Amino acid sequence: DSGPLHGLVHAAGTLSSKPLRFLELTDWSETLRVNLDSAFALAKGFRQRTVCASPSSIVFLSSVAGLIGSPGKSAYAASKGGIISLTRTLAVELARERIRVNCVSPGWVETEMTAMDAKTMTAEQLEHLRQRHLLGFGQADDVANAIAFMLADTSRWITGSNLVVDGGFSIQ
């Protein structure tokens, strides 16, 4: 037994890239189940007194897709927008238990998941996306560092926030 946990990071995710006319309810439900329902379930389990320390911190991984429109990403965007709303609501609800709740919303980060999505794009589409990220595409460490900050005591006065880590993508 290692004692109560001081932090939780929810970084599960699946990316569905289908236009509305091809998106089936099963695709929609699966995306919300993996991206949003799992965040709810983990938070519910974490807040149990025997599980989490006081104070403690929850960090959800959202996406800039939850903030902006993007064709073919309705299920993904809805699930990530839901994460942002869940963050704000749980921050209010869990503050009295001394649990801070925040989320991090990355832009395009070069991972296996985005590599699969890139295969569905033309070279021109991918280059356009790259150009929209003013500081270039992100790396996993860029997001990990933001998450580490949100977990640490250095962010002890931050709750209900969405830290956008997107290389300038969403400011345009």
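**Exercise 1.** Leaving aside its neighbours within four places in sequence, which residues is Leu-61 in contact with?

*Solution.* Start with the model: it is predicted, so local features need pLDDT of at least 70, side-chain atom pairs count only at pLDDT 80 or more, and totals for chains, interfaces and linings use all residues. Residues are numbered from 1 along each chain as its sequence is written, and side-chain values use heavy atoms, without hydrogens and water.

Step 1. Find Leu-61 in strand β2, residues 52-61 (strands are DSSP runs of E, at least two residues; helices are runs of H or I, at least four; both are numbered from the N terminus).
Step 2. List its contacts (heavy atoms within 4.5 Å): His-10, Ala-11, Lys-80, Ile-83, Val-104, Pro-106, Val-143 and Ile-147.
Step 3. Check one C-alpha separation. Ala-12 is 49 residues from Leu-61 along the chain, yet their C-alpha atoms are 7.7 Å apart.

**Exercise 2.** Is Leu-61 buried or exposed? Classify Leu-135 too.

*Solution.*
Step 1. Take the cut-offs: buried is under 20% relative accessible area, exposed over 50%, partly exposed in between (1.4 Å probe, protein chains only).
Step 2. Leu-61 has 17% relative accessibility, so it is buried.
Step 3. Leu-135 has 75%, so it is exposed. Leu-135 sits in the loop between α4 and α5.

**Exercise 3.** Describe the aromatic pair of Trp-108 and Phe-137.

*Solution.*
Step 1. Ring centres of Phe, Tyr and Trp (six-membered ring) must lie within 6.5 Å; planes under 30 degrees apart are stacked, over 60 edge-to-face, the rest tilted.
Step 2. The count is one aromatic pair.
Step 3. Trp-108 and Phe-137 are 5.5 Å centre to centre, with 35° between the planes: tilted.
Step 4. Trp-108 is in the loop between β3 and α3, and Phe-137 in the loop between α4 and α5, so the pair ties together parts 29 residues apart in sequence.
Step 5. Both residues, Trp-108 and Phe-137, are buried.
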